[in-house]
Amino acid sequence: MAYDDRYKAPELPHNVILEGRRRLSVSGVADVESFDENEIVMGTAQGILVLHGKELRIEKLSLDSGDVTVEGVIDKLEYEEQTAPATGFFARLFS
């Protein structure tokens, strides 16, 4: 299984609810890759979601149900573009 395949779980509905740029609820989360007070990176059913802001903190994390709640000053939400897996000779050689 490829690394990005685990984020494409069709059984997890993905929703993002932003309340006044201070509280964010995300469903369909498969994994939290990294987090600090300025950035949170999470894998969702729709790809990698990156949150940028200030004083960010994870208030609720339930990977069983796929729910995450973040509080703080949220400046930016961005999905990273999915890249197609390399299938050439060198990709097979170095994988």
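**Exercises on the strands and core of a predicted model**

**Exercise 1.** Determine how strand β1 is joined to β2, and which residue is the bridge partner of Leu 18.

*Solution.* Five bridges join β1 (residues 15-19) to β2, and the two strands run antiparallel. Strands here are DSSP runs of E with at least two residues, numbered from the N terminus, and two strands pair if DSSP finds at least two bridges between them. Within this pairing, Leu 18 has Leu 24 of β2 as its bridge partner. Three residues lie between the strands of the hairpin, in which Gly 20 takes a positive phi near 60°.

The model is predicted: local features need pLDDT of at least 70, side-chain atom pairs count only at pLDDT 80 or more, and totals for chains, interfaces and linings use all residues. Residues are numbered from 1 along each chain as its sequence is written, and side-chain values use heavy atoms, without hydrogens and water.

**Exercise 2.** Identify the partner of Ser 25 in β6.

*Solution.* Strands β2 and β6 pair in the antiparallel sense over four bridges. In β6, Thr 69 is the bridge partner of Ser 25.

**Exercise 3.** State how many residues the largest nonpolar core has, and which strands each supply at least two of them.

*Solution.* A nonpolar core is a set of buried (under 20% relative accessible area, 1.4 Å probe, protein chains only) Ala, Val, Leu, Ile, Met, Phe, Trp, Tyr and Cys residues joined through side-chain atoms within 4.5 Å. The largest has 12 residues, among them Leu 24, Met 42 and Val 68. At least two residues of this core come from each of β2, β3, β4, β5 and β6.

Notes:
Buried < 20%, exposed > 50% of the residue type's maximum accessible area, 1.4 Å probe, protein only.
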